[in-house]
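Subject: Structure for you to look at

Hello,

I am passing on the structure we talked about. Please open it alongside this message and read the notes below with it in view.

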Amino acid sequence: MSGLYIHIPFCKSKCSYCDFYSIANNSFIPNYLKMLLREIELRKNEIDNKTIETIYFGGGTPSILRVAVVNAIIEQIIKYYKISGSAEISFEANPEDLNKLYLTELKKSGINRLSIGLQSTDDETLKMMRRRHNVVEAINSVYNAFETGFENISVDFIYGIEGISYESFVNQLRKIVNLPVKHISAYHLSVEKGTLLYRRLNEGRFAIMNETSSYDQYCKLLDITSEKGFFQYEISNFAKNGFISRHNSSYWTRKEYLGFGPSAHSFVKNVRTSNYADVTDYIKSMNKGEYSQNTDLLTRDDIINESIMLGLRTVKGIDLIQFQNLFGLQEYNSLLEKLKIINKKSYVISNGFLKLSRNGMFVSDNIISKLFK
């Protein structure tokens, strides 16, 4: 299975927590789109005519685009790539963009999965995040999508925010799980370098939630989503039966994919590449029929570490028999030896799979780094 990722690096304004590559300057959009179509054509032979099973429009804000533009991108993909008749085509959108007319046209374009950036169901929290929508718009956007005929709807939710009480967190989450959605991506707030929140943190105008409170919220997240029929399949992702994100799951299982647009990543034949994160450079280079990339040819050790990291992000875990078959008995024994320094409450080995416990999932980065080769 192969996938395509299309990066739309434009926003009306920058959210306080966001460290993805995007710019709040939409004057570049027309020239950018011409070059995006060119890149899609130029790279058509990179995955050897393999069938494309997933397409993902991410950002930035894809819903900043007119649907006619979305159609042009999809038509270009269909022209140069072999697309499965059952392909999952995901589209990230902000609530304020999703009126019924836009949604109706979007559905006609072939988009069959919506990922809506709710982030919160509390107006004060949305203001702190510098989101452009309010709670009413957030809730209405989901119902608009559902009533338009979108069955596969995912929403984003951010928790672990200092200053938001446990009760408020629970109320926000309960509103979300009661919406007509099939998937929830729930992320603990992280303060990344270069963001507005990072600056506020350094100025003493923002604080990070302590680990105990964060863990309490994480446990409640697991309990409430489970009560409402969502099952956790990856650290931050919860789905109802049959509605996991096929595109994101391909990342965690090391399937091949191509990424188009500035900052987009690709993974083909154990080579990871990323386009330079600069719209101006992207337009200039693509205009010459070139594209500027960072290239990372993975070593055997890199592949082992990726397999550990990606496997333990999922609830399924690492298939130990497969791990031994791929990397040999020595690496298998080395992995088991390293487990001896890990708290036994943090993981479990069951039916040939090594997986993290609830506690282990919460501190996964720390555990995974200790298991690296």
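The notes below go through empty space, one helix pair, a small sheet and two backbone details.

Please keep in mind that this is a predicted model.

Empty space

Rolling a probe the size of a water molecule over the atoms shows where empty space is left. A search of the whole structure gives 3 cavities of 30 Å³ or more. The largest cavity has a volume of about 50 Å³. Its lining is made up of F157, I158, Y159, G160, I161, I164, F169, Q172 and Q217. Two elements, strand 5 (153-159) and helix 6 (166-177), each supply at least two residues of that lining. Strand 5 gives the most, with 3 residues. Sorted by class, the lining of the largest cavity holds 6 nonpolar and 3 polar residues, and no charged ones.

There are also open pockets to look at. The second largest pocket has a volume of about 590 Å³. It is lined by 21 residues, and those nearest its centre are W252, T253, G311, G317 and Q322. Helix 9 (246-252), helix 11 (300-313), strand 13 (318-319) and helix 12 (320-327) each supply at least two residues of the lining of this pocket. By class, the lining of the second largest pocket has 11 nonpolar, 7 polar and 3 charged residues.

A helix pair

Two packed helices are described by the angle between their axes and the distance between the axes. Helix 6, already met at the largest cavity, has helix 8 (residues 211-227) as a partner: their axes come within 10 Å and cross at roughly 25°. Angles under 35 degrees count as roughly parallel, and helix 6 and helix 8 are therefore roughly parallel to each other. The crossing of helix 6 and helix 8 is right-handed.

A small sheet

Strand 13, which contributes to the second largest pocket, also belongs to an open sheet of 3 strands in the order 13-15-14, with antiparallel pairing. Strand 13 and strand 14 stand at the edges with a single partner strand each, so one side of each has no neighbour in the sheet.

Strand 14 (residues 347-350) and strand 15 (residues 353-356) run antiparallel and are joined by 4 bridges. Along this pair, Y347 stands opposite L356 in strand 15, and V348 has K355 in strand 15 as its bridge partner. The two strands form a hairpin with 2 residues between them. In the turn, N351 has a positive phi of about 50°.

Backbone details

Most residues other than glycine have a negative phi, and most peptide bonds are trans. Which residue has a positive phi although it is not a glycine? One such residue is D48, with a phi of about 55°. D48 lies in the loop between helix 1 (29-42) and strand 2.

The other detail concerns a peptide bond. The bond from G59 to G60 is cis, with omega near 15°. G60 is found in the loop between strand 2 (52-59) and helix 2 (67-80).

Regards

Definitions and conventions. Residues are numbered from 1 along each chain as its sequence is written. This is a predicted model: local features need pLDDT of at least 70, side-chain atom pairs count only at pLDDT 80 or more; totals for chains, interfaces and linings use all residues. Side-chain values use heavy atoms; hydrogens and water are left out. On a 1 Å grid over the protein atoms alone, a cavity is a set of points where a 1.4 Å probe fits but cannot get out, and a pocket is an open set with protein on both sides within 12 Å along at least five of seven lines; lining residues have an atom within 4 Å of a point. Grid points are joined across faces, edges and corners, and a volume is the space filled by probe spheres set on the points. Ala, Val, Leu, Ile, Met, Phe, Trp, Tyr, Cys and Pro count as nonpolar, Asp, Glu, Lys and Arg as charged, and the others, Gly among them, as polar. Two strands pair if DSSP finds at least two bridges between them. Axes are lines fitted to C-alpha atoms, for helices over the stretch in contact, and angles run from 0 to 180 degrees between N-to-C directions. Angles under 35 degrees count as roughly parallel, over 145 as roughly antiparallel, 65 to 115 as roughly perpendicular and the rest as oblique. A crossing is left-handed if the near helix is turned anticlockwise from the far one by less than a right angle, and right-handed if clockwise.
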